[in-house]
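Subject: Handing over a structure

Dear colleague,

Please find below the structure that I promised to pass on to you. I would be glad if you kept it open while reading, since my notes follow it directly.

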Amino acid sequence: MSHIYDLVVVGAGTGGCLAAKTAAKNGLNVCLIESKSGEKVGLKACGDAVGKHHFDNIGLTYPTGSELCWELEGVEVFSPDFKTSFRIAGLGAKAFMVNRVEFGRRLVKEALDAGVEFMDKTTVLKPIIENNYVVAVKVKNNVSSGILKGRIFVDASGVSAILRRNAPEVPGFEKTVDSGDLEIAYREIRVLDDEIHDKTFGYIYLSQEYAPGGYFWLFPKGSNLVNIGLGVQFSRASMEVKNYFTRFIRDKLPWLNKAKVLDGRGAFVPTRRPLNNMVSNGLIV
Ligand SMILES: Cc1cc2nc3c(=O)[nH]c(=O)nc-3n(C[C@H](O)[C@H](O)[C@H](O)COP(=O)(O)OP(=O)(O)OC[C@H]3O[C@@H](n4cnc5c(N)ncnc54)[C@H](O)[C@@H]3O)c2cc1C
């Protein structure tokens, strides 16, 4: 009989790595599957700001060395006319600006150190369902495809939701999320000619005209390095998200136009409340 894992976790993002690590530390035999390479799992569209309280809440050590780019004391939120702003500071508002690739590598390493078996460059194609229970997943990598069996499966595949979308029918379990609950976002890392005026704060600009259902952000990552981006509620986006981003900079923060772009990429962010039911038969999402 082929091997049956206690737990199979799909997706080695923050959620998947932490779920896999926690289960392995508690004695389960865990397999973590990720379509990207373990080295590059953290390379993704992100604002790179992680609240300090998240590290405290889940008992994760703070980023240090090359994983830590910068620290923010809080955020300043601007009204649509730019005339009013509020500074939110204090314990709950402190954030680390991380090197996202290094942060991702660390999370994978911590899972491996806890005894998790890691299959990177491997994509889950679909769940295998028997008697209305998830009992295995179909996987493929560059060389072959196969079936991986488990007792319980965790869908940590982010917005792609490969298991949730194909989960067994269970009353109250939502397989899809509404497009109004998704934000389409685009961000760039840019180098400025001059230092940022106050680089100890992140900046958020609210505008239903420029970012319907979302906002523009500017997060310092160093004295002249910034992560800037914009999110728009997907159901209200009437043009490419990058066009919203470019239009905001052109009209509101034109001084950013001179800054050199190091990297630009976009992705979806789920912004809804937690799902009502996160458990299906043999599956946790
Ligand atoms: C532009 C942008 C900016 C953001 N800024 C911030 C920020 O500043 N601070 C913050 O805290 N959050 C931010 N977020 C949100 C944050 O990135 C997400 O909440 C977080 O990444 C979710 O983590 P996750 O582990 O659930 O999913 P993900 O990080 O999406 O991880 C899912 C993983 O599953 C893998 N995967 C997917 N499908 C399969 C499959 N079929 N088989 C195998 N593997 C698969 C993917 O490759 C990926 O590695 C931002 C998001 C975006 C898009």
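Before the notes begin, one term is needed: a pocket is an open set of grid points with protein on both sides within 12 Å along at least five of seven lines, and its lining residues are those that have an atom within 4 Å of a point. Please also bear in mind that this is a predicted model.

With that term in hand, we can turn to the second largest pocket, which holds about 210 Å³ of space. The residues that line this pocket are L43, K44, D48, N99, R100, V101, R187, I189, K221, L225, L262 and D263. Two or more of the lining residues are given by each of α3, β12 (residues 182–191) and β16 (residues 260–270). Sorted by class, the lining of the second largest pocket consists of six charged, five nonpolar and one polar residues.

The helix α3 leads on to a helix pair. General practice is to describe two packed helices by the angle between their axes and the distance between the axes. Here, helix α1 (residues 14–25) and helix α3 (residues 100–113) have axes that come within 8 Å and cross at roughly 20°. That angle is why α1 counts as roughly parallel to α3, the cut-off for this description being an angle under 35 degrees. The crossing in which α1 passes α3 is left-handed. On the side of α1, the residues in contact are T14, C17, L18 and K21, and they meet R100, F103, L107, V108, E110 and A111 of α3. By class, this contact involves six nonpolar, three charged and one polar residues.

What about enclosed space? The structure holds one cavity of 30 Å³ or more, and the largest cavity has a volume of about 40 Å³. Its lining is made up of A12, G13, T14, C17, V41, G42, K44, R100, G104 and L107. Both α1 and α3 supply at least two residues each to this lining, and the largest share, three residues, comes from α3. The lining of the largest cavity has four nonpolar, four polar and two charged residues.

Finally, there are two backbone details to look at. Most residues other than glycine have a negative phi. K121, however, is not a glycine and has a positive phi near 50°; this residue lies in the loop between β8 (residues 117–119) and β9 (residues 123–130). N132, which is not a glycine either, has a positive phi of about 65°, and N132 is found in the loop between β9 and β10 (residues 133–140).

With best wishes

Conventions: Residues numbered from 1 in each chain as written. Predicted model: local features only at pLDDT ≥ 70, side-chain atom pairs only at ≥ 80, totals over all residues. Heavy atoms only, no water. Axes fitted to C-alpha atoms, helices over the stretch in contact; angles between N-to-C directions. Helix = DSSP H or I, 4+ residues; strand = E, 2+ residues; numbered from the N terminus. Parallel < 35°, antiparallel > 145°, perpendicular 65-115°, else oblique. Left-handed = near helix turned anticlockwise from the far one by under 90°. Contact = heavy atoms within 4.5 Å. Nonpolar A, V, L, I, M, F, W, Y, C, P; charged D, E, K, R; others polar. 1 Å grid on protein atoms, 1.4 Å probe; cavity = no way out; pocket = protein on both sides within 12 Å on 5 of 7 lines; lining within 4 Å. Points joined across faces, edges and corners; volume = space filled by probe spheres on them.
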